[in-house]
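Let's take a walk through this structure, one helix pair at a time, with a few stops in the loops along the way. Keep the viewer open and follow along.

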Amino acid sequence: MTLLTALDPGAIDWARAQFALTACYHWLFVPLTLGLALIMGIMETLYYVKRDEHWRRTAQFWMKLFGINFAIGVATGLILEFEFGTNWSNYSWFVGDIFGAPLAIEGIVAFFMEATFIAVMFFGWDKVSRGFHLASTWLTGLGATISAWWILVANAWMQHPVGMAFNPDTVRNEMNDFAAVALSPTAVVKFLHTVSSGWLTGAVFVIGVSCWFLIKQRNRNMALRSIKVASLTGIVAGLIVLGTGDQSGVIMAREQPMKLAAAEGLQQGGQRAPFSIVPGIEVPGALSVLATHSIDGYVPGINDLLNGYKRPDGTSEPSADEKMQRGQKAINAFAAYRQLRADNPQTAKLALDTLRAHQQYMGYGYLKDKSELVPPTPIIYWAFRLMVGFGTLLFAILLVAGWLACRGTLPQHKWLLWLGVASVPMVYVAGQAGWIVAEVGRQPWAIQDLLPVGVAVSQLPTTNVMSTFFMFVALFTLLLAAEVRIMCKAISGEKSE
């Protein structure tokens, strides 16, 4: 008897593809929701303070686009959570006591908070006081942000599982420290990095639409006001993204070194490890600085992580083969414990002791070859460079567009206006690339070092997962097309000043 049962590789691949599809589509909507929530809150605050009807009209326009995006984003998010029960039931059983808690809080607290105040925000103009309406707008955005917090806590736990203990009698990992799960450094940094990237997305979207208005010579006043607010918001958000990205690198080096090595294409590590800009162009020592904040910091490469290595402090990291052997011992000991615990308690206790001694490597026992520990390096390597490259370019666009808008000369620079429009797809590519680094980079793990994806899925026929995959492709494509069409119609139909 084993802890969990390995399943049909076809079902595993299709379940992974379906979840990746849903997550990628969902992330097209979430960052814009977070970004527009902040920007429209700032705009309504300006209306509240200045009593300027132009700010009210501007806030109402962006609220309209927020509402379209929010409605469709909720639909994809609900499907994503249901997939844990349908396609990943082994995962849900094994860690549901921990993973389910933040998702339950998100649904009970954050979602109901959004649902309560969003109606007032949309339909309460001139029906409630200006102060109450302003509070409803901010609380709607706060609800979306709290929702992101708990979802990212759950995701961060998958990247770095803490605050739990394995119960061999129930075959479940059970939470024993809620604060460790909710407030882990991984969760805090991931939340700040992800939410600030959403603010950046909203800022770029507002600038892109506003630049389109200026190209068409429509709504000039609203467009320039929007660019001023969005550029400042985006610059602040970009600085937060930069700072939390730096901290993410340090955390990644400590907790997921294989992901970092794959993102850099680093085969052989060491001290003063170089940072690869593109293949063949490296900055000596830069990766050590990014990963350890010291130019002499040691960064292991892919080969080091597979074959084992000695750290500068003299401690050793076991090889992948040794971890797999110890993991198999843990699985066998667990099977013996389950078989003997009723009839032979003393022998069962010895098996349990063996399990405890090797438990941290139990997940490795399901792997057949150490090569499975290496994620698809080219995908992660180039996704990281897309994220950083587009992020840098977008930050420059925000700086220049904001500066020219404040001077009142932005409409004279048509090339920059078109670049502002083009920045909208750029920010989405950067966001998707970031999640590819985060999620593809931790393969083969559903939960880092604890549960491989190969034993996390449900026992479903491959054809069932295939059919629902293509159903979701059609559904999500229709939803995305509907949003784009409705958004374009709302933008085009906005009355000119």
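Is the crossing of H1 and H15 left-handed or right-handed? Left-handed. Bear in mind that you're looking at a predicted model. To find the pair, pick out H1 at residues 9-50 and H15 at residues 462-492. The axes of H1 and H15 come within 9 Å and cross at roughly 15°. Angles under 35 degrees count as roughly parallel, so H1 is roughly parallel to H15. As for what sits in the contact of H1 with H15, its residues divide into 18 nonpolar, 6 polar and 1 charged.

Stay with H15 and swing round to H6, residues 185-215. Here the axes of H6 and H15 come within 11 Å, and the crossing angle is roughly 50°. The two helices are therefore oblique to each other. H6 passes H15 in a right-handed crossing, whereas the crossing of H1 and H15 is left-handed. If you want to see who touches whom, display Phe205, Val209, Trp212 and Phe213 on the H6 side, and Met487, Ile491 and Ser492 on the H15 side. Sorted by class, the residues of this contact of H6 with H15 come out as 6 nonpolar, 1 polar and no charged.

Now for a pair that runs the other way. H3 and H4 pack with their axes 7 Å apart, at an angle of about 170°. Anything over 145 counts as roughly antiparallel, so that is the label for H3 and H4. The contact of H3 with H4 has 24 nonpolar, 6 polar and 2 charged residues.

The loop between H3 (89-123) and H4 (130-159) deserves a stop too, since aspartate 126 lies there. Its side chain meets that of arginine 56 in a salt bridge, at 2.9 Å from N to O. Arginine 56 belongs to H2 (residues 53-86), so the pair ties together parts that are 70 residues apart in sequence. With a cut-off of 4 Å between nitrogen and oxygen, the count comes to 12 salt bridges.

Next, some strands. E1 (residues 164-167) and E2 (residues 172-175) run antiparallel and are joined by 4 bridges. To get the register, start from alanine 165, whose bridge partner in E2 is glutamate 174. The hairpin has 4 residues between the strands, and valine 171 takes a positive phi near 60° there.

Valine 171 isn't a lone case, so hop over to the loop between H6 and H7 (220-255), where you'll find glutamine 217. Phi of glutamine 217 is also near 60°, a positive value in a residue other than glycine.

One last backbone detail: which two residues does a cis peptide bond join? They are glutamine 443 and proline 444, with omega at about 15°. Look for proline 444 in the loop between H14 (414-440) and strand E9 (445-447).

How values were computed
Residues are numbered from 1 along each chain as its sequence is written. This is a predicted model: local features need pLDDT of at least 70, side-chain atom pairs count only at pLDDT 80 or more; totals for chains, interfaces and linings use all residues. Side-chain values use heavy atoms; hydrogens and water are left out. Axes are lines fitted to C-alpha atoms, for helices over the stretch in contact, and angles run from 0 to 180 degrees between N-to-C directions. Angles under 35 degrees count as roughly parallel, over 145 as roughly antiparallel, 65 to 115 as roughly perpendicular and the rest as oblique. A crossing is left-handed if the near helix is turned anticlockwise from the far one by less than a right angle, and right-handed if clockwise. Contact means heavy atoms within 4.5 Å. Ala, Val, Leu, Ile, Met, Phe, Trp, Tyr, Cys and Pro count as nonpolar, Asp, Glu, Lys and Arg as charged, and the others, Gly among them, as polar. Two strands pair if DSSP finds at least two bridges between them.
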